[in-house]
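Colleague: I've got this model open and I'd like to learn to read its strands properly. Can you walk me through it?

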Amino acid sequence: GNIYFMVANGSETGMSGGGSFGNSFLKLSGTSLSLLDWFMPFNAVSLSDADLDVGSSGPILIPGTTLIVGGGKQGVLYLIDTTHMGHFMASGDTQIVQSFQASNDEIFNTPIFWSNGSLLYLWPQNEGLKAFAFNGIFNTTPVAQNTSVTPAQPGGTLSLSANGSQSGTAIVWATHSTGGSAETVAQPGELHAFDATNVAHELWNS
């Protein structure tokens, strides 16, 4: 198997043949840890200069596909084919499957994906919980949102439970700070349960 991860701010010499891959998606061999492939956004240097690191969260592989998705502080989600990640293009990120502005604020928590519903869930800081429909690429407009809570950094941390594919059993679980930013100090928190088929419907909270 292979290892995939996102890198935060740092030197970006990979675009010119060097060995530094700040603000990139990397694919490593699971046995030798050698670099197999990579993607670096066209604006990687300016992202680093503005402390808008791509690697503020983490990527996920979309089950049943060769695609990986992840986003960082710029609020952009990148959808990349792991069989050809695209390296770097100065003119724009048109060499990857898709990139779009999923949030107007920073993404710190890794999104989650529900295969049975073909939905990706994302809860950035200072915004509500969002669900994006997937059919090879993402619908860039959320199919459902819940804005009843807009937590500070780091937003909402997500997981999902379901009784297989049984209808009506899928729940998106989320925790978030209730005391302001948790960047440097521990904060009290709250746990929520949302209907995975429509996150506008909250089932329960603590």
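Modeller: Sure, pairing comes first: two strands pair if DSSP finds at least two bridges between them. Strands themselves are DSSP runs of E, at least two residues long, while helices are runs of H or I of at least four, and both are numbered from the N terminus. Now the caveats: this is a predicted model, where local features need pLDDT of at least 70, side-chain atom pairs count only at pLDDT 80 or more, and totals for chains, interfaces and linings use all residues. Residues are numbered from 1 along each chain as its sequence is written, and side-chain values use heavy atoms, with hydrogens and water left out.

Colleague: How many bridges join β8 to β9, then?

Modeller: Strands of a sheet pair through backbone hydrogen bonds, either parallel or antiparallel. Here β8 and β9 (residues 119–122) run antiparallel and are joined by 3 bridges. To find your place, look at I112, which sits opposite Y121 in β9.

Colleague: What is the strand order in that open sheet?

Modeller: The order is β8-β9-β10-β11, 4 strands with antiparallel pairing. At the edges are β8 (112–114) and β11 (144–146), each pairing on one side only. From one strand to the next the twist averages 20°, using lines fitted to C-alpha atoms as axes, with angles from 0 to 180 degrees between N-to-C directions.

Colleague: Which strands does β6 pair with?

Modeller: On one hand, β5 (residues 67–71) runs antiparallel to β6 and is joined to it by 5 bridges; I68 has I80 as its bridge partner in β6. These two strands make a hairpin with 4 residues between them, and G75 in the turn has a positive phi of about 85°. On the other, β6 pairs with β7 (residues 98–101) over 4 bridges, again antiparallel, and there L77 is matched with F100.

Colleague: Is β6 mostly covered or mostly uncovered?

Modeller: Buried means under 20% relative accessible area, exposed over 50%, and partly exposed in between, with a 1.4 Å probe and protein chains only. By that yardstick β6 (residues 76–81) is mostly covered, with 5 of its 6 residues buried. Across the protein, buried residues make up 48% of the 206.

Colleague: And what does the whole thing come to in helices and strands?

Modeller: That's 1 helix and 15 strands. The radius of gyration is 17 Å, close to the 17 Å from the globule rule for 206 residues, so the protein is as compact as a globular protein of that length. That radius is taken over C-alpha atoms, and the rule is 2.2 Å times the number of residues to the power 0.38.
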